[in-house]
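Visitor: I should like to take a close look at a single part of this structure, the sheet and what packs around it. Please describe the elements involved and the residues through which they meet.

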Amino acid sequence: MSRIWAGIDSGKGHHHGLALDADGKTLLTRRVANDEPELLKLIGDVLDLADGREVTWAIDMTGGEPALLLALLVNHGQEVLYIPGRLVNRASDGYRGEGKTDARDAYVIADQARMRRDLRPIRPGDEAAIELKLLTGRRSDLVEDRTRSVNRLRSTLMSMFPALERVLDVTNTGPLRLLTGYQTPAAIRRAGVARLTKWLANRKVRNARALAEVAVEAAERQHTAVPGEKTTARLVHTLAGEVMALNEQIAEMDKLIEGRFREHELADIVLSVPGIGATLGAEFLAAVGGSLDDFDSPDALAAFAGVAPAPRDSGKVSGNLHRPVTYHRRLQRVFYTSALVSVRCDPNSRKFYDRKRAEGKKHVQAVLALARRRVNVIWALIRDRRRYEVTPPVIATA
C-alpha cells in the first residue's frame, strides 16, 4: 500500500509541515503556529490527503518545543519517526540548492524518512519515565549552572587572594560558608584562628578549626591588597552564596528524583546493578522510555547507548573501530559512570576490568568494554525480571 511521508521542522513559535507521496512529490507545505487548533488542522489536512493511505510522520526533536504536536500525533494513533538534527544537516548537503529555510528542512526530514529504514520510532513512554526525564534534565541544568558558578568563584578569588584559592575546595560547604563571611587576607588575619573557628562552628561547619587554621595561614602569606579588592570581595561573597544555593537545589532535586524513581516497577532491578544509584537509574529509565520494549537485543541497546564501536574500514585497513557518531549521550554516561564505580565495589566487574587491562587495554578502553558488558547484564535482568546477584566462588572440596 502506498504511503504519505510528513516531515516537521520544529521551532519555538511555529513548525513547518510538509507532506510527500511515495514518489517524493510535495503534496502539502505549510507553516503553522505551535497552537493546538492549527496543529490539529495540519494533522487533519494530511490525513485527508492520505485518503486511506498510511501516514508516517518524521520530526527532528523528541520533546520540548514540539511536545504538544507529538502528544496530538500520539493521540491520533500516528506513527512518528525521529531523525536527529545532525543527520538532517548532513543530508541537506545532498539536495539541490544551498539556501536554508524551514520548508527545505521539512522536505529533507520527510524525504529522509521516506528513504531510510534505520530511523527510530517515537513512542509514548510511561508517565514515570516522562517525569524522570523532566527531573533529570532539570538536575543536569542545575549541575551545569553550579559548575559555571564554581569556575567564576575560583577565578574571582584567584584574582584577589590566590593563596586562599589554592588551599580551598570551593565545591565543599565549609569553604563556601567561610567565603560568605570572610574574603580578604586582612579580614581573616584580624579574625584569627580562635574567632574564625567559633564563627564557623556556630554555622555547623565540620572541622572548623582545621579550616580556620588553613585560612589564617594563607592570609599570613599575603599582606598586599590588590586593586579593586573591596568590589572583588563582594563578588566572592555573592558567588559563594550562589554555589551554596545551587547545592541546596540539587539536593532537593535528588530527593524528588529518588522518590519518583523508586516508584517505578523496574527500580529494584536497576538498583541491584553495582554502580547504579537512584540518579543514574533514573537517567537510564528516562533514556529508554521506562522499558526495553524498543530494543529486541542487547546489541540494539548498546548501539543506542554508544558503547558498541562502529567499524571504519577502508581498502587494506580493517578492524579499525571508532566511537559512533549518533548515540544517546546521557545513556552512554550512565553505563560508563556505573562501570567506573563498579570496578571498586563489584568483584565480577573488577575481575573483568583487570582481565582487559592484562590484555593491553588502556584504562578508558577497559571501562568502555565493561560498560558494553553491563548492557548485556541489565538487558537480561530486565528481561527475566530478576535482581543482580554476585555469584560466590565455587570452593573445591578435598
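Guide: What follows begins with the sheet, turns to the helix lying across it, and ends with two further contacts for reference. The model is a predicted one.

The sheet is open and is built from 6 strands in the order β3-β2-β1-β4-β5-β6, with mixed pairing. Its edges are occupied by β3 (26–33) and β6 (120–121); each has a single partner strand, so one side of each is left without a neighbour in the sheet. For the edge strand β3, pairing with β2 (residues 14–20) is antiparallel and extends over 7 bridges. One residue pair can be located directly: A19 has L28 in β3 as its bridge partner.

Helix α1 (residues 36–50) lies across β1 (3–9), β2, β3 and β4 (54–59). Relative to β3, α1 runs at about 170°.

Helix α1 also packs with helix α2 (residues 67–75), at an angle of about 45° and with 10 Å between the axes. An angle of that value makes α1 oblique to α2. The crossing of α1 past α2 is right-handed. On the α1 side the contact involves E36, L39, L40 and I43, and these meet L68, L69, L72 and L73 of α2. By class, the contact comprises 7 nonpolar residues, no polar residues and 1 charged residue.

A second helix pair may be set beside this one. Helix α10 (residues 229–262) packs with helix α12 (residues 278–288) at about 60°, the axes being 9 Å apart. This angle, too, makes the pair oblique, here α10 to α12. The crossing in which α10 passes α12 is left-handed, whereas that of α1 past α2 is right-handed. From α10 the contributing residues are D254, I257, E258 and F261, and from α12 they are A278, T279, G281, A282 and L285. Sorted by class, the contact of α10 with α12 contains 5 nonpolar, 2 polar and 2 charged residues.

Finally, there are aromatic contacts, with 4 aromatic pairs in the structure. One of them joins Y95 and Y107: the ring centres are 6.0 Å apart and the planes stand at 90°, so the pair is edge-to-face. Y95 belongs to the loop between α3 (85–92) and α4 (102–115), while Y107 is in helix α4; the two are 12 residues apart, and the pair links distant parts of the chain.

Technical notes
Residues numbered from 1 in each chain as written. Predicted model: local features only at pLDDT ≥ 70, side-chain atom pairs only at ≥ 80, totals over all residues. Heavy atoms only, no water. Axes fitted to C-alpha atoms, helices over the stretch in contact; angles between N-to-C directions. Helix = DSSP H or I, 4+ residues; strand = E, 2+ residues; numbered from the N terminus. Parallel < 35°, antiparallel > 145°, perpendicular 65-115°, else oblique. Left-handed = near helix turned anticlockwise from the far one by under 90°. Contact = heavy atoms within 4.5 Å. Nonpolar A, V, L, I, M, F, W, Y, C, P; charged D, E, K, R; others polar. Pairing = 2+ DSSP bridges. Phe/Tyr/Trp six-rings, centres within 6.5 Å; stacked < 30°, edge-to-face > 60°.
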